[in-house]
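Please look over the sequence and the three-dimensional view that follow before reading on. The paragraphs below begin with a single residue and its surroundings, and then widen to the chain as a whole.

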Amino acid sequence: MANKITKENFLDAKYDVFRKFSEQWAIVSAGSIDDYNCMTLSWGMMGNVWEHPGAAVTIYVRPDRYTFEFMEKNDYFVISFLPEENRKDAEILGTVSGRDGDKVAKTSLTPVKLEKGVGFAQSELTFVCRKVFAQQFDVDCVPEKWREGVYSSHPAHYMYIGYIEDAFGEV
């Protein structure tokens, strides 16, 4: 795992927030090293909200994903941005369910115990987030194109907002 980032240099960092989730897939994990699950994210945002002096992250998880159960019962979640050489690992974590067994064992990733969650040794950037908001999308408010496409065969995503309380990586 990369170096710990201090709050002072984290806020000065120049992250490409518009491409971080869409081009460099991330893994979200929730739970403890003894009982966690993770999945690939390709939707997410970073910014600030509600006058919080630090940074916040917003991610989206469908309730039919096994990771959803862990997101709901834990106060923290961890986002790990993997380097390109781990793209295949991210694909596995996005298509294999943890309900069916240890999907991380099918990857080259090494889970790392964090104070408030689980990260991965291979991560270039890791955010430990305190969950401050969770709500399911109202499908009737989603644009029709996506309501008929994304949500015609899947339940609506839950949106989670987390305050970034700890970070590891390069600034």
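In what follows, two residues are said to be in contact when they have heavy atoms within 4.5 Å of each other. The model shown here is a predicted one, and every value quoted for it is computed from that model.

A convenient place to enter the fold is S29, which lies in strand β2, the run of residues 26–32. Once its neighbours within four places in sequence are left aside, S29 is in contact with Y36, N37, C38, F77, V78 and V118. Is S29 buried or exposed? With a relative accessible area of 1%, S29 counts as buried, because the term applies to anything under 20%. The side chain of S29 also reaches the backbone oxygen of V118, at 2.4 Å.

V118, the residue whose backbone oxygen is reached by S29, directs attention to strand β8, which comprises residues 117–120. Strand β8 runs antiparallel to strand β7, residues 111–114, and four bridges join the two. Within this pairing V112 stands opposite G119 in β8, while the connection from β7 to β8 is a hairpin that passes through two residues. As a general point, the side chains of a regular strand alternate between the two faces of the sheet.

Another of the contacts of S29 is C38, which raises the matter of the cysteines. How many disulfides are there? The count comes to zero, where a disulfide would require a pair of cysteine sulfur atoms within 2.5 Å. C38 is in no disulfide, since the nearest cysteine sulfur, which belongs to C129, is 15 Å away. C38 is buried, with a relative accessible area of 1%, whereas C141 is exposed, with a relative accessible area of 63%.

Turning to the whole, the protein chain contains five helices and 10 strands. Its C-alpha trace spans about 45 × 40 × 30 Å along the principal axes. The radius of gyration of the protein chain is 15 Å, which agrees with the value near 16 Å that a compact globule of 171 residues would have. Of the 171 residues in the protein chain, 44% are buried. Among the contacts between residues at least 6 apart in sequence, 72% join residues at least 24 apart. The surface that the protein chain exposes comes to about 9200 Å², and carbon and sulfur atoms supply 49% of that area.

How values were computed
Residues are numbered from 1 along each chain as its sequence is written. This is a predicted model: local features need pLDDT of at least 70, side-chain atom pairs count only at pLDDT 80 or more; totals for chains, interfaces and linings use all residues. Side-chain values use heavy atoms; hydrogens and water are left out. Buried means under 20% relative accessible area, exposed over 50%, partly exposed in between (1.4 Å probe, protein chains only). A polar contact is a pair of N or O atoms within 3.5 Å; within protein, one must be able to donate a hydrogen and the other to accept it, and residues adjacent in sequence count only if both atoms are side-chain atoms. The radius of gyration is taken over C-alpha atoms; the globule rule is 2.2 Å times the number of residues to the power 0.38. Accessible areas come from the Shrake-Rupley method with a 1.4 Å probe; for residues, only the protein chains shown count as cover. Two strands pair if DSSP finds at least two bridges between them.
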